[in-house]
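User: Please take a close look at one part of this model, the place where its two assigned domains meet, and follow it outwards into the neighbouring secondary structure.

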Amino acid sequence: MPKDLDTGTPAGLNWAGNLAYSAARIEQPTSIDEIAHVARTAGHVKVLGSRHSFNDVADTDGVALSLETMPGDLVIDPDAHIARVPAGWRYGRLARALDERGWALSALASLPHISVAGAVATGTHGSGDAVGSLATAVAGLELIDSAGVLRRLGRGDTGFEGAVVSLGMLGVIVRVELDIMPAYEMTQTVYDAPRWDAVLADFDAVTGAGDSVSLFTSWRNPQTFDQAWVKTRGAAPLELAGARRASGPRHPIPGADPAPATAQGGESGRWFERLPHFRLEFTPSAGDELQSEYLVPRGRALEALERLRSLAGQIAPLAMITEVRTIAADTLWLSGAYGRDTVGIHFTWQPREAEVRALLPRIEDELLPLGARPHWGKLFTVDAEWMPRLYPRWDDFRELTRALDPRGAFRNAYSERMGL
Ligand SMILES: Cc1cc2nc3c(=O)[nH]c(=O)nc-3n(C[C@H](O)[C@H](O)[C@H](O)COP(=O)(O)OP(=O)(O)OC[C@H]3O[C@@H](n4cnc5c(N)ncnc54)[C@H](O)[C@@H]3O)c2cc1C
């Protein structure tokens, strides 16, 4: 049983176990009325998704709400290509239910274990030059605000572009409407040891080698990345950046058991069994770990990678793996890809939080001047002063929070730190 689905997971901890939530109580409502009552009456309230964030973005000193027991079903509008999804559903459940009915999503994160509303609220993404973050698939949201009123915000409505990546600050999202497309098949192919110089010489060719491309480095070999993973509906190349196809299945972390990883080897299969790196039935990634990620403007990505290479000696002892992915530009105010094509540079750290936190400012000193935005759900030390510089619509988002939640019920220590 993976630790995310294990009912034995200690209540009150996040998935990584580095945070004990400080909520006075956790409630599991089973109706909209119950949610509205809590939203209206609690001094402070916050929804817990599947608790995969590595920081206190979901924490509150008031009431924590878990939507896992909320009834509700998937409703598909085949003409509009829209799925209405209960907000607490995990992508793994959603993907299977969509596929059974002949539908698919254009993107998934590296793991299917996360909740739809939680992932969207933090700007969670997969990879692909032409693929936006998971939040860009959102066509509408139904949320209960801190007056207990159920509202719907759809594409085109005033404030919608601020309400999607919301850090859970606007209300309790109860349903999410997502763009869907006809189900498809794809392949996943892994390449061992792509050459750094070849990747840097033609980054666009490498990231354009499939619908979704990930580059992995443990920073231990100055000549080569560890692996590249290419997921595509077309033909995967025979070679990539001087690298051959892997001889067998791989885990993104070198030397780790590949059993939790999704099918590789170029074999064609269902979209939702290839787009994530990890299978729903297994603990994803290393399990005992921390994560950070910085979203860099694509035009500065090579510079960012070079700057990080100069820190490899400090990063390598703490990093299990770094993943480099691409994300298409979007218009969502708090998205890491707002207004620019983006490259995500992710770190899976060993669970040595004090040492990781000591290193992050060094990394941020290199990346922030390039316009890097920290992933909202992972560890970072960037403070409130930077935020308006990184997000052109920062003040608009702040105003939106005041309009939808005038009494500040959905604010928490995290939002205070961000200056929201
Ligand atoms: C192993 C692992 C792999 C990961 N891989 C990726 C990856 O590939 N790409 C990536 O971008 N990120 C990745 N992440 C980060 C992860 O996607 C984010 O932290 C995401 O927010 C987790 O979703 P969650 O449901 O656990 O949200 P939580 O951490 O539970 O909550 C996140 C935020 O959403 C809010 N929220 C949740 N539900 C609701 C709701 N119904 N209404 C209002 N607010 C709500 C919470 O209050 C909080 O503010 C990974 C994390 C882990 C542990």
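Analyst: The domain bounds used here come from an automatic or database domain assignment, and the model itself is predicted. That assignment gives the chain a domain 1, made of residues 75-183 + 393-413, and a domain 2, made of residues 185-374. Taken over C-alpha atoms, the centres of domain 1 and domain 2 are 24 Å apart.

The interface can be described first by its extent. On one side 40 residues of domain 1 take part, in contact with 34 residues of domain 2, and between them the two domains bury about 3100 Å², of which 62% lies on carbon and sulfur atoms. Within domain 1, the residues that lose the most area to domain 2 are H125, S127 and D129, which together account for 21% of what that side buries.

D129 also has a charged partner: it forms a salt bridge with R298, in which the closest N and O atoms are 2.9 Å apart. The count of salt bridges between domain 1 and domain 2 is two, while 17 residue pairs, both members at pLDDT 80 or more, are in polar contact across the interface. As for the elements behind the domain 1 side, helix 2 (91-100), strand 6 (103-104), helix 4 (160-163) and helix 11 (394-404) each supply at least two of the residues that touch domain 2, and helix 2 gives the most, with five residues. By residue class, the side of domain 1 that touches domain 2 divides into 21 nonpolar, 13 polar and six charged residues.

Turning from the interface to the strands, strand 7 (residues 138-144) and strand 8 (residues 150-154) run antiparallel and are joined by five bridges. One of the bridge partnerships pairs I144 with L150 of strand 8. Strand 7 and strand 8 form a hairpin with five residues between them, and in its turn G148 has a positive phi of about 85°.

Strand 7 also takes part in a link of another kind. Among the 29 salt bridges that the structure holds is one between E142 and R175, with the closest N and O atoms 3.0 Å apart. Because E142 lies in strand 7 and R175 in strand 9 (residues 172-179), this pair ties together parts that are 33 residues apart in sequence.

Notes: Residues numbered from 1 in each chain as written. Predicted model: local features only at pLDDT ≥ 70, side-chain atom pairs only at ≥ 80, totals over all residues. Heavy atoms only, no water. Contact = heavy atoms within 4.5 Å. Buried area = accessible area lost by both parts, 1.4 Å probe. Salt bridge = Lys/Arg side-chain N within 4 Å of Asp/Glu carboxyl O. Polar contact = N/O pair within 3.5 Å; in protein donor to acceptor, adjacent residues only side chain to side chain. Helix = DSSP H or I, 4+ residues; strand = E, 2+ residues; numbered from the N terminus. Nonpolar A, V, L, I, M, F, W, Y, C, P; charged D, E, K, R; others polar. Pairing = 2+ DSSP bridges.
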